Amino acid sequence: MTDNKKKIVSIVGCKFYKGNNTEEDFLQLLTTKVIMLCPEPENPHDPKAVVAKVDGNVVGHVRVKNKMELNLFDFINSQERKMVPAIPKSINHKYCSLDVELLCDIDLSDYNTSPKSREWEYTGPVLNKPMKM
């Protein structure tokens with residue numbers, strides 16, 4: 001049985017990839033892009049890391065809690081293209097992070113779907129459309 005709820009994950013660490021942009025400008029720019037989530041087995045801190053990329057450039061990583069609850073590394077790694085697209089839904093300026101919606105159908109029946117494991121589902125404000133810079 002497929003869970004039809006939207007899958008929202010947080011992309012964290014964006015401030016480390018902002019380059020010469022301010023954090024706010026960088027996050028605003030990301031809201032206009034499709035973000036590709038890819039497994040990153042060569043990550044020295046976490047061999048099951050999931051990296052977020054825009055136009056081939058790293059912009060952050062999927063929050064560990066989200067990644068583990070969805071078994072996201074294994075799910076993406078099992079896909080033919082080894083990536084899953086996501087679209088920005090909201091910005092958390094306090095933590096310089098971005099909440100994104102996965103544009104794929106993850107069947108959670110294979111995973112733990114207890115209420116505690118589903119705390120990741122985002123219920124906060126949603127961006128209606130990307131703001132122009």
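Two strands are said to pair if DSSP finds at least two bridges between them. With that in hand, let us walk through this structure, which is a predicted model. A good place to try the idea out is β1, covering residues 8-12. β1 and β4 meet that condition with two bridges, and their pairing is antiparallel. Within this pair, Ile11 stands opposite Val62 of β4, and Val12 has His61 of β4 as its bridge partner. On another side of the pairing pattern, β1 is joined to β6 by four bridges, again in the antiparallel sense. One of the residues involved is Ser10, whose bridge partner in β6 is Asp99.

Now step back to see the whole chain. The protein chain has three helices and six strands, and reading along the sequence gives the order β-α-β-β-β-α-α-β-β. How do the strands come together? They form a closed barrel of six strands with antiparallel pairing, running β1-β4-β3-β2-β5-β6. On average, neighbouring strands of this sheet are turned by 45° against each other, direction ignored. Contacts across the sequence are plentiful too: among contacts between residues at least 6 apart in sequence, 65% join residues at least 24 apart.

Next come the helices. α1, residues 23-30, lies across β2, β3, β4, β5 and β6, and runs at about 140° to β5. Which residues of α1 are buried? They are Phe26, Leu27, Gln28 and Leu30, and the buried residues of α1 pack against β2, β3, β4, β5 and β6. Further along, α2 spans residues 64-70, and Asn71 lies in the loop between α2 and α3. Asn71 counts as partly exposed because its relative accessibility is 27%, and the cut-offs for that class are 20% and 50%. Asn71 and Lys48 are 23 residues apart in sequence, while their C-alpha atoms are 9.4 Å apart in space.

What fills the interior? In soluble globular proteins, nonpolar side chains tend to be buried together. Here the largest nonpolar core has 25 residues, and those with the most contacts inside it are Val9, Ile11, Leu30, Leu37 and Leu72. At least two core residues come from each of β1, α1, β2, β3, β4, α3, β5 and β6. The most generous contributor is α3, with four residues. β1 is mostly covered, with four of its five residues buried.

Ile11 deserves a closer look, since you have already met this residue opposite Val62. Leaving aside residues up to four places away in sequence, Ile11 touches Leu37, Ala52, Val59, Gly60, His61, Val62, Ser97, Leu98 and Val100. Ile11 is also among the residues with the most contacts inside the core. For the chain as a whole, 41% of the 133 residues count as buried. The accessible surface comes to about 8,000 Å², and 52% of that belongs to carbon and sulfur atoms.

The cysteines are worth a stop on the tour. How many disulfides does a search of the whole structure find? The count is zero. Cys38 is buried, because its relative accessible area of 9% falls under the 20% cut-off. Cys104, by contrast, is partly exposed, with a relative accessible area of 25%. Cys96 is buried as well, with a relative accessible area of 3%, and this residue is found in the loop between β5 and β6.

Cys96 also brings us to the backbone. Most residues other than glycine have a negative phi, and most peptide bonds are trans. Cys96 has a positive phi of about 50° although it is not a glycine. Lys82 is another such residue, with a positive phi of about 60°. Where is Lys82 placed? Its place is in the loop between α3 and β5. Buried or exposed, or something in between? Lys82 counts as partly exposed because its relative accessibility is 38%, and the partly exposed class lies between 20% and 50%.

Conventions
Residues numbered from 1 in each chain as written. Predicted model: local features only at pLDDT ≥ 70, side-chain atom pairs only at ≥ 80, totals over all residues. Heavy atoms only, no water. Core = buried A, V, L, I, M, F, W, Y, C linked by side-chain atoms within 4.5 Å. Buried < 20%, exposed > 50% of the residue type's maximum accessible area, 1.4 Å probe, protein only. Contact = heavy atoms within 4.5 Å. Areas by Shrake-Rupley, 256 points an atom, 1.4 Å probe, with all protein chains shown as cover. Disulfide = S-S within 2.5 Å. Axes fitted to C-alpha atoms, helices over the stretch in contact; angles between N-to-C directions.
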